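Biologist: I have not looked at this structure before. Could we go through it together, one question at a time?

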Amino acid sequence: MRHRVAGRKLSRATDHRIALCRNLVTDLLRYERITTTEAKAKEIRGMAEKIITLGKKGDLHSRRQALAFVTDKKVVERVFDVLAPRYANRPGGYTRIIKLGPRLGDGAPMAQLELV
């Protein structure tokens, strides 16, 4: 039974999965649009929104929490200086998932994750 078990394992060990999520969130915040599998997109959507919400708070503690997760300091500066003011009046829902169809190599369902 899976009662109260949240998240996807993505067929990876814990350390690998955490590193993957951190890298995908960092790339999403850097480029504002990434193409990945549907499962990965759904998994990192909430993490990216959490980082943007930290940017909207704007205090030192939030900045340090963002730096602990995002792998690039310049991306954190971008979140706090560019993205946070853009979403200042928006109460969540900063990302959008667009389904693209199956990947040619293995047929995995692909999706584009972008900032609104």
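Biologist: Let us begin with one residue in what I understand to be a predicted model. Is L10 buried or exposed?

Modeller: The model is indeed predicted, and L10 is found in the segment before α1. Its relative accessibility is 15%, and buried means under 20%, so L10 counts as buried.

Biologist: What is the phi of L10, given that L10 is not a glycine?

Modeller: L10, found in the segment before α1, has a phi that is positive although the residue is not a glycine. The value for L10 is about 55°.

Biologist: E32 is not a glycine either; where does E32 lie, and what is its relative accessible area?

Modeller: E32 also has a positive phi, of about 65°, and its place is the loop between α1 and β1, the latter covering residues 33–37. Since partly exposed residues fall between the cut-offs of 20% and 50%, E32 is partly exposed, with a relative accessible area of 21%.

Biologist: Stepping back to the whole chain, in what order do the elements run from the N terminus?

Modeller: The secondary structure of the protein chain comes to 4 helices and 3 strands. Reading from the N terminus on, one meets a helix, then a strand, and later three helices in a row before two strands, which gives the order α-β-α-α-α-β-β.

Biologist: What radius of gyration does the protein chain have, and how does that agree with a compact globule?

Modeller: The C-alpha trace spans about 40 × 30 × 25 Å along its principal axes. For 116 residues a compact globule would have a radius of gyration near 13 Å, and the value for the protein chain agrees with this, being 15 Å.

Biologist: Which residues touch the most other members of the largest nonpolar core?

Modeller: Buried residues make up 36% of the 116 residues in the protein chain, and the largest nonpolar core holds 26 residues. The elements that give two or more residues to this core are α1 (14–31), α2 (38–57), α4 (73–86) and β3 (109–115). The members that touch the most others are L29, I44 and I51.

Biologist: With which residues is L29 in contact, leaving aside its neighbours within four places in sequence?

Modeller: With those neighbours left aside, the contacts of L29 include I51, which is, like L29, among the residues touching the most other core members. The full list for L29 is I51, I52, V70, V75, R78, V79 and L83.

Biologist: Which residues does S62 touch, not counting those up to four places away in sequence?

Modeller: S62 lies in helix α3, which covers residues 60–69, and S62 is buried, because its relative accessible area is 2%. Not counting residues up to four places away in sequence, S62 touches L54, K57 and F80.

Biologist: Is N89 buried or exposed, and how far apart are the C-alpha atoms of N89 and G7?

Modeller: N89 has its place in the loop between α4 and β2, the latter spanning 95–102. With a relative accessible area of 80%, and exposed meaning over 50%, N89 is exposed. N89 and G7 are 82 residues apart along the chain, and their C-alpha atoms are separated by 29 Å.

Biologist: Finally, what separates the C-alpha atoms of A19 and K50?

Modeller: A19 lies in helix α1 and counts as partly exposed, at 35% relative accessibility. A19 and K50 are 31 residues apart along the chain, and the separation of their C-alpha atoms is 17 Å.

Notes:
Residues numbered from 1 in each chain as written. Predicted model: local features only at pLDDT ≥ 70, side-chain atom pairs only at ≥ 80, totals over all residues. Heavy atoms only, no water. Rg over C-alpha atoms; globule rule 2.2 N^0.38 Å. Buried < 20%, exposed > 50% of the residue type's maximum accessible area, 1.4 Å probe, protein only. Contact = heavy atoms within 4.5 Å. Core = buried A, V, L, I, M, F, W, Y, C linked by side-chain atoms within 4.5 Å.
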